[in-house]
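User: I'd like to learn how to read a few features in a structure like this one. Can you walk me through it, starting with how two helices pack?

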Amino acid sequence: MGPLTLTINSKNSSMSSPDVSNAKSQRLQLIPKKSFASISSGEENPVDFLRTLFEGFIAGGTAGVVVETALYPIDTIKTRLQAARGGGKIVLHGLYSGLAGNLVGVLPASALFVGVYEPAKKKLLKMLPENLSAVAHLTAGAVGGVAASLIRVPTEVVKQRLQTGQFSSAPDAVRLIVSKEGFKGLYAGYGSFLLRDLPFDAIQFCIYEQLRIGYKLAARRDLHDPENAAIGAFAGAITGAITTPLDVIKTRLMIQGSANQYKGIFDCVQTILKEEGPPALLKGIGPRVLWIGIGGSIFFGVLERTKKILAERQLLQPSNDQSSDTPKQD
């Protein structure tokens, strides 16, 4: 049998069969690790797609719960600022009101978002030329946002009603909303939610992904956790500031309940501008930028760390292709 050739870092080197065991350990150390949802030039394996989907659920759910728990008080203050009309005072007690019920929705919503975003991003990056990677990230973010909105909107409606003191518990909120407003009451402000969240998700993930690509090219290495967190904070803060007017509109429509003070998105904008002036559309921008900036840091930091752990676990699992490294006996 002829000498066995192993590929290490895209360079060919011949090694005799007695060195096979050493070669295998070298190969595991020197071959670049595939990142989570990495792009492969070969045909997509359905098992790989399902793994990407599953790992996205785990990573997204973990990151979402950590962020929501840590920053819920800031979100409560932001909601109360936006809900206040004129010179209304902001109540600073009960800042964790509704957290438990909210986590019930945040976990599956975050898991669903990342679970859809990662495979969509992977597919789009394969389809589009490299110079259009930003389009892939924008589109994948919007697709993930649409999927997650089915869970996010009822969660947001209940959370904001609890934050503004309309109900005492999440079960009571759901029961009374459905009894007074019907099932559609849980999706109050759905249009304004999409108007805010689709641009938000698309812009935030696009900024984050593009900054990571540029940073990795400049550093010529994978990013460390603090670097991912810093990029996530910047992307979150910028996107949060840009989308604040959309967030104000969404909040007003979601908390109006059966009073139906506003007839829709445009009526809401006109009423706010007429009664409170343009500055009202920027209500809560400070807490929002702070909340989403810190949240982006935590979310993307936890997300990338979780993805890395899952990828490393996958590398440690025995692979069928490892058997091809062992020379067959004649």
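Analyst: Happy to. Keep in mind that this is a predicted model. Start with helix α8 (residues 244–255) and helix α9 (residues 265–275): their axes come within 10 Å and cross at roughly 105°. Since angles of 65 to 115 degrees count as roughly perpendicular, that makes α8 roughly perpendicular to α9.

User: Which residues in α8 and α9 meet?

Analyst: On the α8 side, look for Val248, Ile249, Arg252 and Leu253. From α9, Ile265, Cys268, Val269 and Ile272 meet them.

User: Now salt bridges. How many does the count come to?

Analyst: The idea is to look for a side-chain nitrogen of Lys or Arg within 4 Å of a carboxyl oxygen of Asp or Glu. By that rule the count comes to 23 salt bridges. Take Arg196 and Asp247, whose side chains meet at 2.3 Å, N to O. This pair links distant parts of the chain, with Arg196 in helix α6, Asp247 in helix α8, and those positions 51 residues apart.

User: Is Asp247 buried or exposed?

Analyst: Read the relative accessible area: under 20% means buried. Asp247 counts as buried because its relative accessibility is 0%. Arg196 is buried too, with a relative accessible area of 7%.

User: Which other side chain meets Asp247 in a salt bridge?

Analyst: Lys250, at 3.6 Å, N to O. Asp247 and Lys250 are three residues apart in helix α8, so about one helical turn separates them. Lys250 is buried, just as Asp247 is. Follow the shared partners and you get one network that joins Asp75, Lys78, Arg152, Glu156, Lys159, Arg196, Asp197, Asp201, Asp247, Lys250 and Arg288.

User: What about the salt bridge between Arg221 and Glu227: what is its N to O distance?

Analyst: That one comes out at 2.7 Å. Check each partner's accessibility separately: Arg221 counts as partly exposed at 34%, whereas Glu227 is buried at 15%.

User: Last one: which residues make the nonpolar surface patch?

Analyst: Here you look for nonpolar side chains that sit together and have over 30% relative accessible area. Leu211, Phe234, Ile238 and Ile242 make a patch of about 360 Å². Helix α7 (residues 225–242) gives the most to this patch, with three residues.

User: And where is Leu211 found?

Analyst: In helix α6 (residues 190–219). Leu211 counts as partly exposed because its relative accessibility is 35%.

Conventions
Residues are numbered from 1 along each chain as its sequence is written. This is a predicted model: local features need pLDDT of at least 70, side-chain atom pairs count only at pLDDT 80 or more; totals for chains, interfaces and linings use all residues. Side-chain values use heavy atoms; hydrogens and water are left out. Patches are made of residues with over 30% relative accessible area and no salt bridge: like charges are joined within 9 Å, nonpolar side chains (Val, Leu, Ile, Met, Phe, Trp, Tyr) within 5 Å. Accessible areas come from the Shrake-Rupley method with a 1.4 Å probe; for residues, only the protein chains shown count as cover. Helices (H or I, at least four residues) and strands (E, at least two) are DSSP runs, numbered from the N terminus. Buried means under 20% relative accessible area, exposed over 50%, partly exposed in between (1.4 Å probe, protein chains only). Axes are lines fitted to C-alpha atoms, for helices over the stretch in contact, and angles run from 0 to 180 degrees between N-to-C directions. Angles under 35 degrees count as roughly parallel, over 145 as roughly antiparallel, 65 to 115 as roughly perpendicular and the rest as oblique. Contact means heavy atoms within 4.5 Å.
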